[in-house]
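Student: I have a model open in my viewer and would like to go through it with you. Could we take it one question at a time?

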Amino acid sequence: MVQSSVLGFPRIGANRELKKATEAYWQGKTSAEDLLQVGKQIRAHNWKLQKQAGVDVIASNDFSFYDQVLDLSLLFNVIPDRYAKYQLSPLDTFFAMGRGLQRKATATEKAVDVTALEMVKWFDSNYHYVRPTFSNGTQFRLNGQKPVDEFLEAKQLGIETRPVLLGPVSYLYLGKADKDSLDLEPLSLLQKILPLYAEILQKLAAAGATSVQIDEPILVLDLEKKVQDAFKTAYDFLGAQASLPEITLATYFGTVVPNLAAIKNLPVAGFHFDFVRNPEQLDDVAAILSDKQTLSVGVVDGRNIWKNDFAKSFELVQKAIQKLGKDRVVVATSSSLLHTPVDLESEKNLKPEIKDWFAFATQKVKEVVVIAKNVSGDDVSAELAANAQSVSGRASSTITNNEAVQKRVASIDEKMSTRSAPFPQRLEEQQKVFNLPLFPTTTIGSFPQTKDIRINRNKFVKGTITAEQYEKFINAEIETVIRFQEEIGLDVLVHGEPERNDMVQYFGEQIDGYAFTVYGWVQSYGSRYVRPPIIVGDLSRPKAMSVKESVYAQSITPKPVKGMLTGPVTCLRWSFPRNDVDQETQAMQLALALRDEVNDLEAAGIKVIQVDEPALREGLPLRSGAERAAYLKWAAESFRVATSGVANKTQIHSHFCYSDLDPNHIKALDADVVSIEFSKKDDPNYIAEFQNYPNHIGLGLFDIHSPRIPSTEEFISKIETIMKSYPADKFWVNPDCGLKTRGWEETKLSLTHMVEAAKHFREVYSKK
Ligand code: MET
Ligand SMILES: [Zn+2]
């Protein structure tokens with residue numbers, strides 16, 4: 001029998017139980033025990049679901065209350081002193097590292113004030129992990145035994161699982177040195193951390209685990225020789241330990257072929273690779289296996305929602321079987337299913353024709369089993385026939401094709417993607433319009449999405465309030481936001497985005513060619529989940545999408561109000577894209593829709609327009625080379641197509657967050673002003689990288705993921721640090737990102753302090 005394997009299952013619960021439980025705990029409404037109980041229920045549910053579907057290899061330790069990388073930092077005691085010193089419970093230390101903590105002293109507890117660790121994109125996905133942060137003083141030791149506890153929990157339910165752990169080389173490589181130890185090279189800690197891996201694996205073996213999945217996702221990156229060599233050091237060490245479970249070394253989201261030398265001859269029981277992204281790697285990877293090693297063939301996509309094409313998957317798995325034999329091949333998901341929504345069956349509003357094209361995590365689990373059964377010789381003819389029908393139905397559907405859109409994309413030329421004057425000239429014309437002071441202040445767009453906003457939006461969606469009532473409500477919200485910004489003296493205002501459920505979904509709903517789910521949530525970071533819209537066909541904009549709200553906001557204030565749009569690359573990346581049309585084409589279709597919107601905003605009197613591209617970086621192909629160069633070219637071009645239809649005096653802003661951004665990547669967008677997430681980068685080298693950025697830039701001054709309120713002095717000292725290597729005349733003052741997840745109280749104070757700091761520097765400079 002060919003075995004079936006699922007590398008990980010979404011942990012948020014079918015009804016976002018995890019979000020509700022963690023947030024209630026953070027707000028002090030429930031106890032730690034309550035929270036732990038919810039985690040236990042979700043895990044049990046997920047394991048049983050997979051067991052019942054007939055999956056042979058089910059993962060454990062794929063659950064986390066915040067992030068699986070942060071779990072490992074807690075497990076290995078990689079806890080910077082600024083957290084450890086408060087001696088919080090392990091759970092609270094964990095959350096403090098993930099999201100920061102600011103707590104006033106009480107009769108029994110000391111005050112706590114600490115920012116979050118850096119959060120970074122997980123490869124090219126929209127998931128974010130908390131970056132392991134190492135110091136010279138880090139005391140590695142095991143802190144609890146989460147993987148063992150969860151293995152035993154499943155065992156008690158009668159379910160044998162395969163624990164999953166992020167591997168030592170990837171764990172270190174994805175981390176960084178803390179600001180007190182900048183010379184520390186994380187990989188130099190390998191010898192210190194390997195004994196901990198051995199220890200936890202021994203404990204797992206003692207608990208009855210016969211095999212483990214160790215993820216080394218960095219094997220799909222360009223790796224220097226010393227990183228490649230670290231694999232041999234690490235796995236030879238583990239291979240030499242007595243009584244460890246068998247190791248399946250897993251990697252995904254790309255091809256492993258350029259790094260094959262690093263994993264050849266490693267003493268592991270088998271490998272897992274992603275054959276959805278790179279089916280062509282089969283011959284090369286099969287060639288390096290020793291004759292006992294198994295190959296887990298990832299053919300069910302862990303990153304998208306399209307139904308598997310069984311015929312294609314069989315062909316690939318059969319090919320693997322021909323090379324290796326049935327008992328050395330495992331049929332698997334390409335990666336963890338963390339990146340897919342939980343269950344398609346919850347969706348009642350999708351058109352049946354379209355719904356038939358999708359598979360969510362619960363359906364993917366079944367697909368893996370069907371494929372394994374079929375190659376094992378079991379009769380699954382009914383499943384095969386249904387699958388073939390839906391695959392061919394999608395290919396020939398009229399929903400997917402719009403000729404007018406295809407023609408317009410073909411007509412895009414150089415002129416459409418170039419502003420009519422270079423930046424210095426545009427700036428001069430813009431200064432005449434805006435007459436902004438030095439250190440102009442602005443925000444990134446959204447203001448707190450209060451409960452009241454959500455309640456009214458729901459009422460409107462359900463039809464219990466009329467469109468007029470809803471508009472009145474939204475306008476009142478906009479007015480509150482405008483008045484507040486005027487009051488504290490911000491220079492370039494925003495309308496606050498109260499009408500938006502989500503920055504991509506809001507536009508997607510107004511663009512033809514998209515489909516939407518009701519329950520299709522996917523974890524983005526911590527308790528923040530997104531519900532990516534699905535691109536099913538050619539994309540076009542039937543009418544203006546954002547003009548009404550922007551025009552209203554501008555009508556009630558003399559200060560400039562930014563029009564706010566989500567850029568083409570971000571709309572693409574934060575949707576589930578089509579897999580039958582290339583990404584460039586989808587981005588250009590979106591760019592044209594946005595170009596019409598930008599032009600409409602300008603015509604309606606909006607003088608500053610921000611087109612956000614927070615996902616620009618995550619779309620970057622993981623390896624350097626032709627594919628990456630091509631991406632950078634079309635990504636920048638799509639932004640310019642969207643924004644180049646305006647006059648010189650219209651100021652185009654853009655915004656980036658969530659990632660290490662290379663200033664060279666954003667230069668080609670030619671936006672007049674960009675804002676980037678910056679507050680958690682305590683790295684002077686990173687600031688210096690932006691020194692020569694030609695246009696204006698605002699380096700984010702506070703972390704909007706944390707409720708923590710920085711003082712005016714803190715802002716001043718931050719700005720001072722940045723100014724050591726950054727010119728004052730290009731300096732914008734703004735937060736890291738939008739404020740939608742924050743409360744009003746902290747928003748008011750943080751922004752007030754930020755504006756005070758800007759005013760301080762204006763004074764200083766007016767005296768110079
Ligand atoms: C993730 S980037 C968010 C940008 C958006 N304009 C906002 O302020 O929320
Ligand atoms: Zn942002």
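Student: Which residues does H705 touch, not counting residues up to four places away in sequence?
Tutor: Happy to start there, and keep in mind that this is a predicted model. H705 is the residue that the unreviewed UniProt entry lists as "active site", and it lies in the loop between β23 (696-699) and α27 (712-723). Setting aside residues up to four places away in sequence, H705 touches R99, A116 and M119.

Student: Does H705 count as buried or exposed?
Tutor: Burial is judged by the other C-beta atoms within 10 Å, and 20 or more make a residue buried. H705 has 25 C-beta neighbours inside 10 Å, so H705 counts as buried.

Student: Which residues does UniProt list for "binding site", and what is the largest C-alpha distance?
Tutor: The unreviewed entry lists I444, G445, S446, E497 and D612. They are spread over 169 residues of sequence, yet they cluster in space, with a largest C-alpha distance of 13.0 Å.

Student: Where is G445 found, and which residues does G445 touch beyond four places in sequence?
Tutor: G445 is found in the loop between α17 (423-434) and α18. With 25 C-beta neighbours inside 10 Å, G445 counts as buried. Beyond four places in sequence, the residues that G445 touches are V494, E497, M564, Q610 and G738.

Student: And which residues is E497 in contact with, leaving aside its neighbours within four places in sequence?
Tutor: E497 is found in another stretch of chain, the loop between α19 (467-488) and α20 (505-508). E497 counts as buried because it has 25 C-beta neighbours inside 10 Å. Leaving aside those sequence neighbours, its contacts are G445, S446, M564 and K740.

Student: How do the residues of the shell around ligand 1 divide?
Tutor: Ligand 1 is surrounded by I444, G445, S446, M503, M564, D612, P614, H655, C657, C737, G738 and K740. I444, G445, S446 and D612 are also on the UniProt "binding site" list. By residue class, the shell divides into 6 nonpolar, 4 polar and 2 charged.

Student: What is the strand order in the open sheet of 6 strands, and which are the edge strands?
Tutor: The order is β19-β20-β21-β22-β23-β24, with parallel pairing. Inside this sheet, β21 (residues 651-656) and β22 (residues 673-676) pair over 4 bridges, and S654 has V674 as its bridge partner. Two strands pair on one side only, and these edge strands are β19 (562-566) and β24 (731-732).

Student: Why does the span of helix α18 agree with what is expected?
Tutor: Helix α18 covers residues 451-462, which is 12 residues, and at 1.5 Å a residue they should span 16 Å. After the helix comes G463, whose phi is positive, near 85 degrees. The end C-alpha atoms of α18 are 16 Å apart, so the helix agrees with the expected 16 Å.

Student: Which residues point each way from β12, and which residue in β13 does H272 stand opposite?
Tutor: In a regular strand the side chains alternate between the two faces of the sheet. From β12, G270, H272 and D274 point one way and F271 and F273 the other, and all are buried. The strand runs parallel to β11 (residues 246-250), joined by 3 bridges, and pairs in the parallel sense with β13 (residues 294-300) over 5 bridges. On the β11 side the bridge partner of H272 is A250, and in β13 H272 stands opposite S296.

Technical notes: Residues numbered from 1 in each chain as written. Chains lettered and ligands numbered in written order. Predicted model: local features only at pLDDT ≥ 70, side-chain atom pairs only at ≥ 80, totals over all residues. Pairing = 2+ DSSP bridges. Near = placed C-beta within 6 Å. Nonpolar A, V, L, I, M, F, W, Y, C, P; charged D, E, K, R; others polar. Expected span 1.5 Å × (residues − 1). UniProt positions renumbered as here; feature names shortened; annotations may be inferred. Buried ≥ 20, exposed ≤ 12 C-beta atoms within 10 Å, placed from the backbone. Contact = placed C-beta atoms within 7 Å.
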